[in-house]
Amino acid sequence: MRTNFNPHLHKIEISPIVTISERAKTIAPEYEEKSGRHFIYFQRGEIDLPVFPEVRDETIKALQEGKTKYPISGGTEDLREALVQKLQEYNKITGLSADNVVLTYGGQEALQMAFELFRGGRGAGFTPIWTVVLESFVPYSGIHFTEVPLREDFSIDFVSLENLLASGLDFFYLNNPHNPTGKVFTSEELLKIGELCQKNKVFVISDEAYEYIVFDDKKHISLASLPELTGFKDIVTIPSFSKTYSMTGFRAGYAATKNGIASDLLKKAQYTQTAGVVSFIQPALKAALKLKDQIQERVAEFQKRRDLLYDGLKRIDNLEVHRPEGAIYVFPNFARLFPASQKKNGNYIYERLLQNGICVVPGQSFAGTDLFNTFARLSFSATPLELIKEAVERMEEIFSD
Ligand SMILES: Cc1ncc(COP(=O)(O)O)c(C=O)c1O
């Protein structure tokens with residue numbers, strides 16, 4: 001039997017979050033039976049709210065109307081036009097046409113293809129970083145990737161960033177709102193990043209999967225919308241339907257760039273990979289774009305969960321936690337709760353919480369270095385309020401020992 005295949009594929013690792021989830025599922029029944037308590041899941045970026053009826057009904061209608069033939073690769077023209085309109089109205093990105101937009105299987109496929117534009121090249125991005133970037137996109141495309149660590153308060157070290165961008169990079173991956181920290185980049189930060197990339201001819205992959213999920217008075221700003229960057233065509237904006245509309249299983253996202261060569265190549269890549277997104281969900285995607293107040297209701301629900309989780313974590317002595325401004329995660333630092341003997345053990349908090357029926361993702365999963373080993377990510381989008389309350393009370397108990 002042949003055992004060696006494409007070396008890039010051998011280097012891909014299935015996200016630790018999948019493994020963690022599977023382990024949790026096997027442990028949970030025994031934990032619940034023995035302790036009489038709930039096992040509480042905080043590990044997955046899943047949404048527990050149902051799909052909107054407008055989206056569900058449009059999908060069923062399309063099926064009943066027999067929209068089951070080969071799709072138009074890259075998305076139907078009317079859907080791409082609707083996406084251009086949405087990008088103009090919500091993201092405030094002007095100057096795009098339907099030809100600049102490619103419909104993909106989730107933000108994930110758009111991102112993977114965007115990395116593929118630079119196969120074998122040099123890229124960089126802030127860490128902590130979404131696990132899939134380091135474990136899948138980078139090895140799949142053979143990218144030489146440099147991590148730019150955010151500071152402990154998640155601010156940016158612009159001196160390091162500037163030096164790196166001046167060193168001959170092909171692209172910079174930016175994720176805003178940010179997984180796992182919940183950071184929402186300010187217009188000043190975005191402008192500095194954008195101007196540095198423009199000056200150094202570095203293409204920007206702007207992952208905006210959480211574009212609608214921002215809290216309090218925060219606003220999401222798309223990098224490509226900044227008036228100072230209007231002439232900078234080397235930005236691909238990648239939003240997703242998954243989190244905004246609780247449509248994670250539909251697998252729908254898109255890429256939009258004013259760089260016509262890049263959008264053509266993305267179209268060709270999409271055609272080659274899958275020949276287009278499922279025909280009978282495309283009308284439903286158009287229907288989703290019309291929902292406005294409904295999205296705000298869901299964001300309000302996430303904000304309630306964020307508040308309960310953040311306020312609860314804040315009460316734990318010696319835990320450092322920043323209030324997430326967007327996305328669906330909180331990323332506290334447990335450094336001062338580590339016993340000296342465990343300082344190097346990146347799984348310490350994960351294991352300790354797991355024994356107590358709480359599943360989180362260890363911070364070490366979000367970087368190739370050990371800089372975030374004392375952190376953990378908790379997702380609050382699939383955990384109802386009463387379980388969040390129970391979890392924080394339990395964590396207060398655990399860490400007061
Ligand atoms: C930062 C980030 N980008 C992109 C995605 C892609 O999501 P999807 O492929 O479901 O659109 C995710 C999903 O968790 C994410 O966390």
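Colleague: How many residues of domain 1 are in contact with how many residues of domain 2?

Modeller: In this predicted model, 42 residues of domain 1 are in contact with 39 residues of domain 2. Each of those residues counts because contact means heavy atoms within 4.5 Å. The domain assignment gives domain 1 as 7-50 + 294-399 and domain 2 as 53-289, and their C-alpha centres lie 26 Å apart.

Colleague: What area is buried between domain 1 and domain 2, and what share of it do carbon and sulfur atoms give?

Modeller: About 3,400 Å² is buried between domain 1 and domain 2, with 60% given by carbon and sulfur atoms. On the domain 1 side, Ile295, Glu325 and Phe366 supply 19% of the area that domain 1 buries against domain 2, more than any other three residues. The 3,400 Å² figure covers both domains, because buried area is summed over both parts.

Colleague: What makes the pair of aspartate 216 and arginine 306 a salt bridge?

Modeller: The side chains of aspartate 216 and arginine 306 come to 3.1 Å, N to O. The rule asks for a side-chain nitrogen of Lys or Arg within 4 Å of a carboxyl oxygen of Asp or Glu, so the pair qualifies. Across the interface of domain 1 and domain 2, the rule finds two salt bridges.

Colleague: Now to the open spaces. How do you know where the second largest pocket lies with respect to domain 1 and domain 2?

Modeller: By its lining: domain 1 and domain 2 both give residues to the second largest pocket, so this pocket lies between them. Its space comes to about 290 Å³. Lining it are 17 residues, and those closest to its centre are Tyr90, Val214, Lys218, Lys219 and His220. By type, the lining of the second largest pocket divides into seven nonpolar, five polar and five charged residues.

Colleague: And the largest pocket: how much space lies in it, and which elements give two or more residues to its lining?

Modeller: The largest pocket holds about 640 Å³ of space. Helix H2 (16-35), helix H5 (106-116), helix H6 (131-140) and strand S5 (171-175) are the elements giving two or more residues to its lining. H5 gives the most, with four residues. In all, 29 residues line the largest pocket, and Gly45, Gln108, Trp130, Val132 and Lys243 lie nearest its centre.

Colleague: Why does Gly45, one of the residues nearest the centre of the largest pocket, go into its class?

Modeller: Gly45 lies nearest the centre along with four others, and Gly45 is polar here because the scheme puts Gly among the polar residues. The whole lining of the largest pocket divides into 10 nonpolar, 12 polar and seven charged residues. Domain 1 and domain 2 each supply at least three of the lining residues of the largest pocket.

Colleague: Why is a space called a cavity and not a pocket?

Modeller: A cavity is a set of points where a 1.4 Å probe fits but cannot get out, whereas a pocket is an open set. A search of the whole structure finds three cavities of 30 Å³ or more. The largest cavity, at about 60 Å³, passes that cut-off. Strand S7 (235-238) and strand S8 (253-257) each supply at least two residues of its lining, and the lining residues include Ile93, Phe232 and Lys258.

Colleague: Which strand gives the most to the lining of the second largest cavity?

Modeller: S5, with three residues. The second largest cavity, of about 40 Å³, is lined by Phe126, Ile129, Tyr173, Leu174, Asn175 and His178. These divide into four nonpolar, two polar and no charged residues.

Conventions
Residues numbered from 1 in each chain as written. Predicted model: local features only at pLDDT ≥ 70, side-chain atom pairs only at ≥ 80, totals over all residues. Heavy atoms only, no water. 1 Å grid on protein atoms, 1.4 Å probe; cavity = no way out; pocket = protein on both sides within 12 Å on 5 of 7 lines; lining within 4 Å. Points joined across faces, edges and corners; volume = space filled by probe spheres on them. Domains from an automatic or database assignment. Buried area = accessible area lost by both parts, 1.4 Å probe.
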